[in-house]
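Please open the model in your viewer and keep the sequence panel beside it, so that each selection can be followed in both. The stops below are taken one after another.

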Amino acid sequence: MSSLVFSPELNVDLHCHSTVSDGVLAPAAVAQRAHAQGVDVWALTDHDEVGGIVAAREAATDLGMDYVTGLEISVTWANKTIHIVGLNIDETNPDLLAGLVKTRSGRQRRAEDMAADLARVGIPNCYAGALKYVGNPDLISRSHFARYLVEIGVCEDVSGVFKKYLADGKPGFVPHRWATLSEAVGWIRGAGGVAVVAHPGRYDLTPLAFDAFFNEFKDLGGKAIEVVTGSHTVDQYDEYARIANRYGFMASRGSDFHAPDENLPDLGQLPALAKDLTPVWHSWIK
């Protein structure tokens, strides 16, 4: 766990992925790209997995970046998938590790069902195709399928694949029961970390449902939301800044980087948080 001293001028990126989950670069390569893009304080936050943290920390240290341990946990809430980032965690915490094993289980069956659904709409062999992009077989995901569908020309880009085939209600979407919100926040807090709602602007929730979700998250001990993230529009930066202040949440910043040709903005290229927000990293400044 980190006990860093931060300056407000530092470039902080606390959300990105490697081949340990659904990114295309190894942890050390993500560190190198973050450093090249001017990142001073960095967290690798792979989905439901902490296996890249040692390599990421070593690479960040060698490059002179301050490193924050992190991960992103998949949660099912009101039959929707929500992602909760954990920052400044102890990645060796046994309850956290046991919970992640539980959360990862079932991904292979889900992937096989996705491939069967896609075959029914005329796109065969997607499971084998997706596996070409998988660094960790335990974490085969929709992103791996999307990259294969781009490769074979079904869509021009990953975003287009999700919209046409892999989003809720589309022919390749297969729901999965992830961790509960209570479990995810509990694991993060039990490992000494801070729980953060990842890219809230991506979730298809009504204002009433969002209010219920944010209040439950806060009651469970959740402390922050991502305000400036690669998944948000400029208007959403302002929207979620207001929401952070309304609920008393700290604010986080992260690119959600997965691949060099899939992410704009890139690692470290987001605007700064608004000055009236409390950055999440202030919670562990020493």
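Begin by selecting R120, which is found in helix α4, the helix that spans residues 107–120. Bear in mind throughout that what you are looking at is a predicted model. With the surface switched on, is R120 buried or exposed? Its relative accessible area is 63%, and R120 is therefore exposed, since that class begins over 50%. Now add G172 to the selection and draw a distance between the two C-alpha atoms: R120 and G172 are 52 residues apart in sequence, and in space their C-alpha atoms are 9.3 Å apart.

Next, move along the chain to P124, which lies in the loop between α4 and α5, the latter covering residues 126–131. P124 has a relative accessibility of 48% and so counts as partly exposed. Which residues does P124 touch once its neighbours within four places in sequence are left aside? Show the side chains of A119 and Y148, for these are the residues with which P124 is then in contact. If you then select W187 as well, you will find that it is 63 residues from P124 in sequence, while the C-alpha atoms of P124 and W187 lie 39 Å apart in space.

For the next stop, colour the cysteines. How many disulfides does the structure hold? The number is zero. Select C126, which is in no disulfide, and display the sulfur of C155, the nearest cysteine sulfur, at a distance of 11 Å. C126 has 1% relative accessibility and therefore counts as buried. C16 may be selected in turn, and with a relative accessible area of 0% this cysteine is buried too.

Finally, turn to a pair of helices by selecting α9, residues 207–219, together with α10, residues 234–247. The two helices pack at an angle of about 50 degrees, and their axes are 11 Å apart. At such an angle α9 and α10 are therefore oblique to each other, and their crossing is right-handed. To see what makes the contact, show F210, D211, F214, N215 and K218 on the α9 side, and Y240, I243 and Y247 on the α10 side. How do the residues of the contact of α9 with α10 divide? Five of them are nonpolar, one is polar and two are charged.

Terms used:
Residues are numbered from 1 along each chain as its sequence is written. This is a predicted model: local features need pLDDT of at least 70, side-chain atom pairs count only at pLDDT 80 or more; totals for chains, interfaces and linings use all residues. Side-chain values use heavy atoms; hydrogens and water are left out. Axes are lines fitted to C-alpha atoms, for helices over the stretch in contact, and angles run from 0 to 180 degrees between N-to-C directions. Helices (H or I, at least four residues) and strands (E, at least two) are DSSP runs, numbered from the N terminus. Angles under 35 degrees count as roughly parallel, over 145 as roughly antiparallel, 65 to 115 as roughly perpendicular and the rest as oblique. A crossing is left-handed if the near helix is turned anticlockwise from the far one by less than a right angle, and right-handed if clockwise. Contact means heavy atoms within 4.5 Å. Ala, Val, Leu, Ile, Met, Phe, Trp, Tyr, Cys and Pro count as nonpolar, Asp, Glu, Lys and Arg as charged, and the others, Gly among them, as polar. A disulfide is a pair of cysteine sulfur atoms within 2.5 Å. Buried means under 20% relative accessible area, exposed over 50%, partly exposed in between (1.4 Å probe, protein chains only).
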